[in-house]
Amino acid sequence: MNERLECVTCGKRYPVDKVRYTCDCGGLLNFERDTPQVGRELFDKRRATARVPVDQSGVWRFREALMDVDLSAIVTHPEGSTRLYERGGIWFKHEGENPTGSFKDRGMTVAVTQAVRLGATAVACASTGNTSASLAAYAAQAGLRAVVFVPSGKISAGKLAQTLAYGALCLQIRGDFDTAMRLVREVCDRSGIYLLNSINPFRIEGQKTIVWELLQDLDWNPPDWIVLPAGNLGNTSAFGKALREASAAGWIDRLPRIAAIQAAGANPFFRSFSEDFATRHRVTAETVASAIRIGNPVSYDKAVAAIRLTNGLVAQVTDEELMRAKREIDRMGIGCEPASATTLAGVRKLRSDGVMKPGERIACVLTGNLLKDPDAVMKTIDREQIVEVDATIAAVERAITPPLL
Ligand code: F0G
């Protein structure tokens, strides 16, 4: 069996054309296939000359290394092809530049394509807001019903508005994200609605391309570190798998280290890492970074493998540190939502601890757009930046301080 779902715990295999999210043993499933015999030159050529959506997509550009799929079956916006910025010697891969403003679009294009292939008519997820917005957009494009489970009152206004605008039914669960996650899994099992959280292996497949495209941006010369925010741990898992496969295919000759950064108030993965992963921790999560307010991450086992494979690490930053970093990223003229700023806050901390050395090449992945969470911005601006004035020249001139002339 070339393409298969394979349990990360016991190795049992399942076909890819049947709905399945976990193994009979309860373990997580990876989508696996034999190492593709495809050179990275094909991806570079396609990137330079892309004219049609499947080539313009920073996901489907890599299709020979993703999965066998009929081009006409692909549901793409297109997504990916995000920019890489360099500021102060650090790279920022801005996944907030995706069609719905977060990296989730990369996983969603693959998983919704798979949903359609499986004949699903309805899709669902639990979400802190970005997955729900992305799911709603791709479901609208594919003509599928969308039902999202969000923690009531705990997702940002921008994300809620987006999810509703694209037409999803929004269930505001009286409970936290972890409760919503438990609930949606059960509902999907009972009803046959197709589950699009990152426990779905096809989501991970799409998200791998963040790393592949980053490597491509850097001319396949890997950085020393790839830094990302960690919540439900789907993305950490995807990054590990992307690097394993890029190395097996011979596209890169060494592995960057993954640094997964958590908010201190939502740090179960950090706690486990600190004990060399002896115990799996669960916490009641609280942080200003609502995207990663998650206490019981679903993809734990896969993320542990990613950290081990890359000799990576997990760090934590306080809300104050991450909001300070957010302001810095905003003031660079790039901008991001609070969760994404854990990356720069993490780099600052790891550099001052001597873990990241001078001269090391660092790439931070900014996962969500600045406009996702306008309330967070309003908390960090300088009061003097907003001045209400009478509509007169004199009042305007008085308000501009220091004066321009
Ligand atoms: N950054 C942003 C902006 C996110 O929205 C998320 C997760 C993460 C980082 C963490 O990624 O869960 O793969 O470790 N958001 C999910 C959601 C939970 O529902 O939108 P992860």
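Here are legends for a handful of close-up views of this structure, which is a predicted model.

**View 1. The ligand and the residues around it.** The shell around the ligand is made up of 21 residues. S127, N130, G231, N232 and T367 are the ones that come closest. Sorted by type, the shell splits into eleven polar residues, eight nonpolar ones and two that are charged.

**View 2. Polar contacts to the ligand.** Three contacts are worth zooming in on here. In one of them, an N or O atom in the side chain of T367 sits 2.7 Å from a ligand nitrogen. K104 also uses its side chain, with a polar atom 3.0 Å from a nitrogen atom of the ligand. N235 does things through its backbone instead: an N or O atom there is 2.8 Å from a ligand oxygen. How much of the ligand does the protein bury? On its own the ligand would expose 470 Å², and the protein buries 98% of that.

**View 3. The cavity that holds the ligand.** Of the cavities in the model, the largest is the one where the ligand sits. Which elements give two or more residues to the shell around the ligand? They are helix 4, running 130-142, and helix 8, running 234-248.

**View 4. An edge-to-face pair, F43 and W251.** Across the whole structure, a search turns up eleven aromatic pairs. For F43 and W251, the ring centres are 5.3 Å apart and the planes meet at 85 degrees, so this pair counts as edge-to-face; the cut-off for that label is over 60 degrees. F43 belongs to helix 1 (residues 40-49), while W251 is in the loop between helix 8 and strand 11 (257-263), so the pair ties together parts 208 residues apart in sequence.

**View 5. The loop between helix 2 and strand 4.** A couple of backbone oddities turn up in this loop. Most residues other than glycine have a negative phi, and most peptide bonds are trans. P78 is in the loop, which runs between helix 2 (53-56) and strand 4 (84-87), and the peptide bond leading into P78 from H77 is cis, with omega near 5 degrees. S81 is found in this loop too. Though not a glycine, S81 has a positive phi of about 55 degrees.

**View 6. A cis bond after helix 14.** Here the view moves to P402, in the segment that follows helix 14 (393-399). The peptide bond between T401 and P402 is cis, and its omega is about -10 degrees.

Terms used
Residues numbered from 1 in each chain as written. Predicted model: local features only at pLDDT ≥ 70, side-chain atom pairs only at ≥ 80, totals over all residues. Heavy atoms only, no water. Near = heavy atom within 4 Å. Polar contact = N/O pair within 3.5 Å; in protein donor to acceptor, adjacent residues only side chain to side chain. Areas by Shrake-Rupley, 256 points an atom, 1.4 Å probe, with all protein chains shown as cover. 1 Å grid on protein atoms, 1.4 Å probe; cavity = no way out; pocket = protein on both sides within 12 Å on 5 of 7 lines; lining within 4 Å. Sits in = over half its atoms within 2 Å of the grid points. Helix = DSSP H or I, 4+ residues; strand = E, 2+ residues; numbered from the N terminus. Nonpolar A, V, L, I, M, F, W, Y, C, P; charged D, E, K, R; others polar. Phe/Tyr/Trp six-rings, centres within 6.5 Å; stacked < 30°, edge-to-face > 60°.
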